[in-house]
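Student: I would like a close look at one part of this model, the aromatic rings and what surrounds them. Please keep the answer connected.

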Amino acid sequence: KGGFKAGSGGWCGGGIYFATTPAATDSKAIGPDSHTGFIIEATVDVGKVLQMTSTCDRSMTGKKLAGQGYDSISFNPGDGDEYSIYSKDRVLSTKESSR
């Protein structure tokens, strides 16, 4: 309830992170409570995408990214592409997804 919320840290700072396929979440969602819920399939307006290196920028913020003229980040930390956004308003729709 209430939609997505940006985190406080991560490869690209405190963003909202998305994998590109359900299978990709197997290696990306690796916290202690991961793999106990379900996958949310989301339609996201990524806008103008900044391509980053595999280590991204842990100090990134929505304000910093917007100041560079971008809306989202794409990067690959070594296990497949990810996107990071910084505003929940970029999530256009969601639904529960099956594997």
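Student: Over which ring does the charged end of Arg-58 sit, and how far is that charged end from the ring's centre?

Tutor: The ring is that of Trp-11. The charged end of Arg-58 lies 4.6 Å from the centre of that ring. Keep in mind that this is a predicted model.

A charge over a ring also turns up at Tyr-70. There the charged end of Lys-48 sits over the ring, 4.9 Å from its centre. Lys-48 leads on to another residue, since Ser-72 lists Lys-48 among its contacts. We will come back to Ser-72.

Now the rings that pair with each other. The structure holds two aromatic pairs. Take Phe-4 and Phe-18: their ring centres are 5.6 Å apart and their planes meet at 55°, so this pair is tilted. An angle over 60 degrees would have counted as edge-to-face. Phe-4 belongs to the segment before strand S1 (16-19), while Phe-18 is in S1 itself, so the pair ties together parts 14 residues apart in sequence. Burial separates the two partners. Phe-4 has 25% relative accessibility and counts as partly exposed. Phe-18 is buried, at 14%.

Tyr-17 and Phe-75 make an edge-to-face pair. Their centres are 6.4 Å apart, with 75° between the planes. Tyr-17 is in strand S1 and Phe-75 in strand S4, so this pair ties together parts that are 58 residues apart in sequence. Here, too, one partner is buried: Phe-75 has a relative accessible area of 2%. Tyr-17 is partly exposed, at 27%.

Where do these strands sit? S1 and S4 belong to an open sheet of four strands. The order is S1-S5-S4-S3, and the pairing is mixed. S1 stands at one edge and strand S3 (49-51) at another, each with a single partner strand, so one side of each has no neighbour in the sheet. From one strand to the next, the twist averages 25°. In the sheet order, S5 comes between S1 and S4. S4 and strand S5 (residues 82-85) pair in the antiparallel sense, over four bridges. One bridge involves our aromatic residue: Phe-75 has Glu-82 of S5 as its bridge partner.

Back to Ser-72. Strand S4 covers residues 72-75, and Ser-72 is part of it. This serine is buried, with a relative accessible area of 0%. Its side chain reaches the backbone oxygen of Val-46, at 2.7 Å. Leaving aside residues up to four places away in sequence, Ser-72 touches Val-46, Lys-48, Val-49, Leu-50, Leu-65, Ser-84 and Ile-85. So Val-46 appears both as a contact and as the residue whose backbone oxygen the serine side chain reaches. The list also includes Lys-48, whose charged end sits over the Tyr-70 ring.

Finally, the wider setting. The protein chain has two helices and six strands. From the N terminus on, the elements run β-α-β-β-α-β-β-β. Of the chain's 99 residues, 25% count as buried. Ser-72, Phe-75 and Phe-18 are buried residues. Among contacts with a separation of 6 or more, 63% come from residues 24 or more positions apart. The Tyr-17 and Phe-75 pair, for its part, links parts 58 residues apart in sequence.

Methods. Residues are numbered from 1 along each chain as its sequence is written. This is a predicted model: local features need pLDDT of at least 70, side-chain atom pairs count only at pLDDT 80 or more; totals for chains, interfaces and linings use all residues. Side-chain values use heavy atoms; hydrogens and water are left out. Buried means under 20% relative accessible area, exposed over 50%, partly exposed in between (1.4 Å probe, protein chains only). A polar contact is a pair of N or O atoms within 3.5 Å; within protein, one must be able to donate a hydrogen and the other to accept it, and residues adjacent in sequence count only if both atoms are side-chain atoms. Contact means heavy atoms within 4.5 Å. Rings of Phe, Tyr and Trp (its six-membered ring) pair if their centres lie within 6.5 Å; planes under 30 degrees apart count as stacked, over 60 as edge-to-face and the rest as tilted. A charge sits over a ring if NZ of Lys or CZ of Arg is within 6 Å of the ring centre and within 35 degrees of the ring normal. Two strands pair if DSSP finds at least two bridges between them. Axes are lines fitted to C-alpha atoms, for helices over the stretch in contact, and angles run from 0 to 180 degrees between N-to-C directions.
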